[in-house]
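Me: I have a model here and some labels to check. Let us test each label against its cut-off.

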Amino acid sequence: MSRAANPQISFADWELMRQGLVLEPVLQAIADFLDDHEEMIETIRGDLRRGLKNPDTGRNGLTAQQVLRSLILMRVKSLDYRELRERIADGYTLRQFTGFYCQPVPKHDAFQRAFVRLTPETLRAVNAALVQAAVALGLEDGRKLRVDTTVVQTDIHHPTDNTLLWDVVRVVTRLVGRLAKALELRRIKGFRDRTRSARRRMYEIQRMTTRQRHEQQTGTYRELIGIAEEVVERARSALRRTRKVRGKDLLSELAIEALRKDIEHYCGLGDRVIDQARRRVLGEEQVPNAEKIYSIFEPHTDLIKRGKVRTPMELGHKVFLAESAQGLITQYEVLKGNPSDADHVKPSLKRHKDAFGSVPELYGSDRGFFSEQNVTSCTRDGVKVVCIPQRGGKKTPEREACEKSAQFKEGQRFRAGIEGRISVLFRGRGMKRCLAEGAERFELWVAAAVLANNLMNIAALLTRRSSRRRKAI
């Protein structure tokens, strides 16, 4: 599809602009900043053109500028796809910001299709270019750095063995039913619908009291596991029985092939769920977290235990964040598993040096990042004030004096600011729970929230600077 870099502005647009219809100051500052940094738009355009045989022909699609600005607006206002489309279509100022002007705004699914073409690497490159632009404008010097980790949730229900087994039965059964319909068959011979039986046993386990679970759940679980095994085995048998059956045309053939892949995918996940339930419930085995599966829809989900009283267990991914003194998130990383916070000090210093040319003068974190090696490494690399409180153990007189010094206390007050930044990302930029599907789109979700945060801060800094200059004149 053709994607013009700059869509034509109509006479109606000129008339509305002539009447003084302007953006709110922050969005105007973001728009001006993006206009001055076309290289970010070019990075997005590369993703939109990727895989297209003739990207310059065909009907017009969303431009790279419209995609990037719509994505920013979505995260700045914390909207879903339908709300995004409605807000742009209903207001001329948002049409102006996103580059649609008086053109028709496409349906919400057009935005979704455009956003999923972007890659995490592309948004990481855009964020890096954003930080470098802030440095070039004199908005950030990288003299201070504060770091922390948080957990972004995946969009799953609370996992229990019985609900996971029920998920396997209902999803595989539904997909086999769709395959039969696509093949124009009443039903696939040999496959039985066991959803009622599985649902009955799932609810029976759910309603058990703690005492009943100890005395009665094993037999019910054995029946539920047997049903899940039967469904998975018969689904694979259905694939073998119908492997030679073809669709009536190319489109139906492609749909059938996609259904076959989905059935194979969920049968594989079903094997893991069945094995996990048998080991945990019937064998009373302590299954390592690395071998567990917490959702068949988001199998990449990790179980995170950070010792929090209110949230002893979190399901999602741990995310590392590093923030500068001006509120710019200069580093972010979606982590696999639950690594120790102390592992991130040396890599974060190296990345900061690569971005700013030198290590920060002040490095602040909570006690989770503490180790003697980390403190020594920071000092050796040239960090003047290392504000990492000691974690546990008896403090030496030198360490006691260090943590009571005015510099250290001031550094810890600075470090506390990243807690507020995480709150803003969660409540204002929609990063608390990722509603996108898959590990890659999870990272894309985090990257978009970080991008919106950085643009909002740069816009605020530029607005304050221009205000001071006007007052000076």
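**Labels and cut-offs**

Me: Why is K77 called partly exposed?
Reply: K77 has 28% relative accessibility. Buried means under 20% and exposed means over 50%. The value falls in between, so K77 counts as partly exposed. Keep in mind that this is a predicted model.

Me: What makes K77 and E24 a salt bridge?
Reply: Their closest N and O atoms are 3.4 Å apart. The limit is within 4 Å, between a side-chain nitrogen of Lys or Arg and a carboxyl oxygen of Asp or Glu. The pair therefore qualifies as a salt bridge. K77 sits in the loop between α4 and α5, and E24 in the loop between α1 (11–18) and α2 (25–35). The two are 53 residues apart, so the pair links distant parts of the chain. E24 is partly exposed because its relative accessibility is 40%.

Me: How do you know that R69 and D35 meet in a salt bridge?
Reply: The N to O distance is 2.7 Å. The rule asks for within 4 Å, so the pair passes. R69 is in helix α4 and D35 is in helix α2, 34 residues apart.

Me: Is R69 buried or exposed?
Reply: R69 has 5% relative accessibility. Buried means under 20%, so R69 counts as buried. D35 has a relative accessible area of 40%, so D35 is partly exposed.

Me: What makes R143 and E361 a salt bridge?
Reply: Their side chains meet at 3.3 Å, N to O. That is within 4 Å, so the pair counts as a salt bridge. R143 lies in the loop between α8 (120–136) and β1, and E361 in the loop between α13 (345–356) and β5, so the pair ties together parts that are 218 residues apart in sequence. R143 is partly exposed because its relative accessibility is 45%. E361 is partly exposed too, with a relative accessible area of 31%.

Me: Which residues are joined into one network by salt bridges that share partners?
Reply: R192, R194, E230 and R234.

Me: How many salt bridges does the rule give?
Reply: The count comes to 32 salt bridges.

Me: Why is strand β1 called mostly covered?
Reply: β1 spans residues 144–154, and 9 of its 11 residues are buried. Each of those is under 20% relative accessible area, because that is what buried means.

Me: What makes β1 and β5 a pair?
Reply: DSSP must find at least two bridges between two strands. β1 and β5 (residues 362–364) have 3 bridges, so they pair, in the parallel sense. In β5, Y363 is the bridge partner of L145.

Me: How do you know that β1 and β7 pair?
Reply: β7 covers residues 433–434 and shares 2 bridges with β1. At least two are needed, so the pair qualifies. The sense is parallel. C434 in β7 stands opposite T154.

Me: In what sense do β1 and β3 run?
Reply: They run antiparallel, joined by 9 bridges. β3 covers residues 314–324. Its V319 is the bridge partner of T150.

Me: Why is A277 called buried?
Reply: A277 has 0% relative accessibility. The cut-off is under 20%, so A277 counts as buried. A277 lies in helix α12. Its C-alpha atom is 9.0 Å from that of L164, although 113 residues separate them along the chain.

Me: Why is L250 called exposed?
Reply: L250 has 62% relative accessibility. Exposed means over 50%, so the label fits. L250 is in helix α12. With L251 and L254, L250 makes a nonpolar surface patch of about 370 Å².

Me: Which residues gather in the patch of positive charge?
Reply: K189, R240, R241, R243 and K244 gather there, on the surface. R243 lies in the loop between α11 (210–241) and α12 (250–282).

Me: Is E284 buried or exposed?
Reply: E284 has a relative accessible area of 71%. The cut-off is over 50%, so E284 is exposed. E284 also has a positive phi of about 50 degrees, although it is not a glycine. Its place is the loop between α12 and β2 (302–304).

How values were computed
Residues are numbered from 1 along each chain as its sequence is written. This is a predicted model: local features need pLDDT of at least 70, side-chain atom pairs count only at pLDDT 80 or more; totals for chains, interfaces and linings use all residues. Side-chain values use heavy atoms; hydrogens and water are left out. Patches are made of residues with over 30% relative accessible area and no salt bridge: like charges are joined within 9 Å, nonpolar side chains (Val, Leu, Ile, Met, Phe, Trp, Tyr) within 5 Å. Accessible areas come from the Shrake-Rupley method with a 1.4 Å probe; for residues, only the protein chains shown count as cover. Lys and Arg count as positive and Asp and Glu as negative; His and the chain ends are not counted. The place of a charge is taken as NZ of Lys, CZ of Arg, CG of Asp or CD of Glu. Helices (H or I, at least four residues) and strands (E, at least two) are DSSP runs, numbered from the N terminus. Buried means under 20% relative accessible area, exposed over 50%, partly exposed in between (1.4 Å probe, protein chains only).
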